[in-house]
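The following exercises are to be worked through with the structure at hand. Each task is followed by a solution in steps.

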Amino acid sequence: MTNSLNDMRHAKSFIFIGSNAAEAHPISMQHILHAKEVNNAPIIVVDPRFTKLAAKATEFVRIRPGSDCAFIMGLINEIIQNGWEDKEFISTRVAGYPEMVEVASKYTPEEVENITGIPADQVRKVAKILATNRPTSLTWCMGGTQHSIGSSITRAFCILQLVLGNMGKSGGGTNIFRGHDNVQGATDMCVLADNLPGYYGLSDGAWKHWCRVWDVDYDYIASRFKEKEWMNAKGFTLARWYEGVLGEEKIEQYTPIKAMIQWGCGSNSNSQYNRVVKAYNKLDLFVIIDPFPTMAAATCTTDNVYLLPCSSQYETSGSVTSTSRQIQWRHKIVDPIGGCRDDYTIMKDLVGRLGFADEFYKNIKEVPEDITREINKGTLTIGYNGQTPERIKKHMENWHTFDIETLQAKGGPCDGEYYGMPWPCWTDTHPGTPILYDISKSVAEGGLPFRNRFGLETSYVMSGRAEGQLAAAGVCNPGSEVKGGYAEFKDVVPGTNWKTDLSQKTIKDALARGMAPFGNARARCVVWTFPDQVPIHREPLHSPRPDLIEKYPTYEDKPNHFRVFTRYKSEQNPDMVKEFPYVLTTGRMVEHMGGGAETRSNKYLSELQPEMYAEINPVLGNNLGLRDGEMMWIESPEGGKVKVKAFFTERVDDKTIFMPYHFGGTLMGESLAGNYPAGHEPYIMGDSANVCTNYGYDIITQIQATKDGLCKVSRA
Amino acid sequence: MAQRKIHSSSTIGTKTSRVTLNPKVARRSFLKLSVATAALTGAAMTTRMTAKAASPAAAKAAYPDSKMVRSICTHCAVGCGINAEVQNGVWVRQEVAQDHPVSRGGYCCKGASAIDMVTSEKRLKSPMKRVNGKWQKITWDQAMSEVSAKLTAIREKDGPDALHLNGSAKVSTEMAYLQRKFAAFWGSNNVDHQARI
């Protein structure tokens with residue numbers, strides 16, 4: 001989130017697209033509904049389903065799954081056609097604007113209606129609501145990202161907010177509600193196949209930076225890899241690691257994957273789960289570290305699997321980063337129960353037995369505080385350096401002193417600081433940055449310009465036009481020594497820049513001059529390294545609209561996409577819809593979380609929401625000869641099928657099937673209860689929706705496309 | 001039932017655990033109420049649930065010699081505050097955090113039932129492996145020694161990229177950092193977590 005949940009109290013309107021906050025983030029709703037009541041803020045909810053959040057909307061917009069980009073580009077076009085864009089903001093803080101306008105102009109309200117199913121008049125109406133109720137807070141979740149064009153969809157969201165001038169403002173912003181409790185922290189630490197902690201990437205410079213932080217020789221780390229080239233090569237992702245095991249797709253690695261450690265990972269969150277199960281059973285070693293046996297423990301039936309019971313997070317301590325970028329200290333409530341061990345103890349044991357403990361724990365004596373300090377030392381890119389363990393704990397002790405509206409402490413030991421020191425928090429006296437890209441206050445007080453990350457000037461292939469990338473003259477945070485745009489800081493300490501100067505002198509120098517270490521630039525509408533430089537609509541790989549495939553085709557196939565061949569064009573078959581006529585989409589329910597290993601083993605939650613089901617429109621159900629409450633089969637083009645209860649409801653239209661993705665313990669209609677360690681099977685079990693979610697991955701991030709696949713339905 | 005679970009969850013380092021309210025009644029009324037109010041949204045439902053779960057007297061009186069621990073819910077990224085009451089090393093009761101600046105006393109049903117992350121009888125208590133298709137309890141030492149020996153053998157034979165580590169968005173930031181650092185020291189970029197999907 002660029003802003004915070006509390007800051008949403010200041011919004012004058014909301015647009016939620018691909019988010020069902022009322023179920024997925026229920027406690028955020030108090031702040032949203034406050035703005036609805038007090039500011040009279042309209043709430044626009046864009047979703048294929050009439051969700052619980054939609055029930056709170058002033059305007060519900062039913063959209064065809066996977067067509068979000070067309071809708072947003074249509075809104076941008078309508079805003080510009082009416083002259084509602086924020087001309088001042090665009091001319092001083094935005095780059096690549098005319099190139100973007102050219103692309104958006106093709107998305108007329110009528111064309112948007114054709115692609116998305118949203119009536120043209122409703123497109124006009126929504127554009128007007130946004131134009132006349134600024135600032136708008138824009139929220140998306142997995143409904144926006146889990147598509148083959150997810151990276152274009154999310155960029156379109158950002159561009160809409162730039163066009164409206166809603167960035168860097170209280171009540172505005174792009175406010176992605178993160179899912180898991182610490183998905184922000186884990187992402188910032190880059191438990192990712194394409195990055196080192198702090199989004200440093202995998203270049204030699206990145207490795208050398210982290211080797212300095214770890215206090216080990218670069219050559220030592222390089223010697224741990226097969227060859228140096230593999231240090232710089234993105235690894236297999238969570239979405240497709242199993243292709244490295246199965247050998248059914250061409251992989252770009254010298255060996256198949258033979259061992260897997262799943263450490264706090266609900267296995268049934270993977271699409272095409274029946275193929276994942278095949279991979280589990282082909283592994284030479286499978287280690288599952290979790291407080292509860294995950295579904296993997298029941299689907300992997302070989303003798304190569306180990307279950308290691310780690311404690312829950314209430315039996316250990318450490319920091320967690322909320323969706324608002326706030327860092328909180330999760331204090332240990334009790335010691336690990338039974339024979340469980342906390343994560344740190346298991347890691348220490350493992351690393352010791354593998355023989356690299358001395359190097360690994362060189363700076364780490366006190367756990368977890370010394371780890372926090374090592375993070376503080378190295379994660380300069382996003383300003384994770386000011387949140388020391390002592391400061392985080394001080395905020396926890398004094399959480400009652402922070403103001404609800406501003407999240408700033410009023411008096412007390414944290415006076416003037418923002419709750420949880422949202423990053424960037426540049427020094428150990430910086431208050432944190434509550435709103436990203438806000439130039440109304442000084443950098444030292446939590447203000448921030450846009451980052452200068454992509455050079456000083458570029459010329460666009462699309463138009464041939466050259467443009468400077470720095471902010472316009474006169475546009476800067478108060479107190480800035482340079483009155484306008486400026487480049488990122490480097491060579492304050494010769495040979496380093498603000499990201500690699502471990503003395504942090506560069507950062508302090510920038511702040512002393514009233515400037516941001518990362519420069520003051522424009523936000524880009526054109527990303528020249530992406531296949532679609534400006535976001536455009538492309539039909540989902542498995543499209544229910546074969547008539548649109550020719551005009552909006554998917555990408556060319558991508559041979560080495562995180563080490564595995566990934567099909568786009570060769571997968572998009574206009575005839576698929578004949579056999580698989582309905583769109584399959586998935587989502588959350590309030591009572592459960594993720595793959596449900598934890599919540600389905602919780603007696604209270606299990607009783608509240610005990611049964612797997614699929615939502616189906618009564619018209620479709622009756623046409624198929626189904627009865628409400630009867631069992632039905634849902635089948636995917638990949639041969640996955642689930643047996644689930646039909647729930648007749650008009651929440652979905654008559655072309656769409658919705659399933660919650662929290663269930664497991666049953667595979668293709670067969671109970672696996674006997675495969676769990678006796679007595680440890682979850683209280684409630686059901687078929688996993690992800691057995692039916694289709695093939696399809698984002699062209700940049702490889703996130704799986706679980707929201708816009710196809711399926712067929714029959715009586716069970 | 002709840003009392004037994006609290007007992008079984010406190011096998012380490014505690015002599016006794018005591019629950020003053022009648023746990024059977026508390027659990028029944030908790031669940032009955034939750035079903036009756038299931039149509040309401042999470043927040044509204046659970047405020048009432050937690051209020052009615054304990055009898056008025058038990059709700060007010062602190063457990064003798066107990067302490068309150070401030071912590072954070074493990075379910076979603078809103079980051080709601082939790083006040084946990086701990087007696088003799090046992091988590092005996094959970095309170096809303098009225099003064100938390102984000103959650104302000106709110107809990108959804110997942111947050112309201114956070115205590116069962118620790119007390120659930122479904123929790124694994126010992127390392128296990130499959131032997132001839134049957135689960136068998138093993139010691140930590142056996143588990144870690146076999147796992148590390150197998151990992152080392154695979155690394156030597158097939159190379160470090162033969163391992164993939166699925167890390168987690170459910171662990172602390174410090175632990176997530178160690179997961180990424182582990183992959184680096186192991187010698188592979190085959191590491192990823194749920195943010196990808």
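**Exercise 1: Strands across two chains**

In this predicted model, A:Tyr306 stands opposite B:Lys129 in E4(B).

Task: Determine which strands of chain A and chain B are joined here, and how they run.

Solution. Step 1: Strand E8 (residues 305-308) belongs to chain A, and strand E4 (residues 128-131) belongs to chain B. Step 2: Two bridges join these strands, and they run antiparallel.

Task: Place this pair in its sheet and explain which strands stand at the edges.

Solution. Step 1: The sheet is open and has seven strands, in the order E5(B)-E4(B)-E8(A)-E7(A)-E6(A)-E6(B)-E7(B). Its pairing is mixed. Step 2: Strand E5 (134-137) and strand E7 (191-192) of chain B each have a single partner strand, so one side of each lacks a neighbour in the sheet; these two stand at the edges.

**Exercise 2: The contact between the chains**

Task: Describe the side of chain B that touches chain A.

Solution. Step 1: Contact involves 106 residues of chain B and 132 residues of chain A. Step 2: Helix H8 (residues 173-186) of chain B contributes the most to the chain B side, with 13 residues. Step 3: By type, the residues of this side are 50 nonpolar, 37 polar and 19 charged. Step 4: H8(B) also lies across strand E6 (259-263) of chain A, together with strand E6 (163-166) and E7 of chain B. Its direction is at about 170° to E6(B).

**Exercise 3: A helix with a buried side**

Task: Identify the buried residues of helix H5 (residues 97-104) of chain A and state where they lie around the axis.

Solution. Step 1: The buried residues are A:Tyr97, A:Met100, A:Val103 and A:Ala104. Step 2: They lie on the same side of H5(A), because they cover an arc of only 125° around the axis. Step 3: Their packing partners in chain A are helix H3 (68-81), helix H4 (87-93), strand E4 (94-95) and helix H9 (150-163).

**Exercise 4: A residue in a loop**

Task: Is A:Arg134 buried, partly exposed or exposed?

Solution. Step 1: A:Arg134 is located in the loop between helix H7 (120-132) and strand E5 (136-140) of chain A. Step 2: A residue is buried at 20 or more C-beta neighbours within 10 Å and exposed at 12 or fewer. A:Arg134 has 17 C-beta neighbours inside 10 Å and therefore counts as partly exposed. Step 3: Leaving aside residues up to four places away in sequence, A:Arg134 touches A:Lys12, A:Leu164 and A:Asn166.

Methods. Residues numbered from 1 in each chain as written. Chains lettered and ligands numbered in written order. Predicted model: local features only at pLDDT ≥ 70, side-chain atom pairs only at ≥ 80, totals over all residues. Contact = placed C-beta atoms within 7 Å. Helix = DSSP H or I, 4+ residues; strand = E, 2+ residues; numbered from the N terminus. Nonpolar A, V, L, I, M, F, W, Y, C, P; charged D, E, K, R; others polar. Pairing = 2+ DSSP bridges. Arc of directions from axis to C-beta. Axes fitted to C-alpha atoms, helices over the stretch in contact; angles between N-to-C directions.
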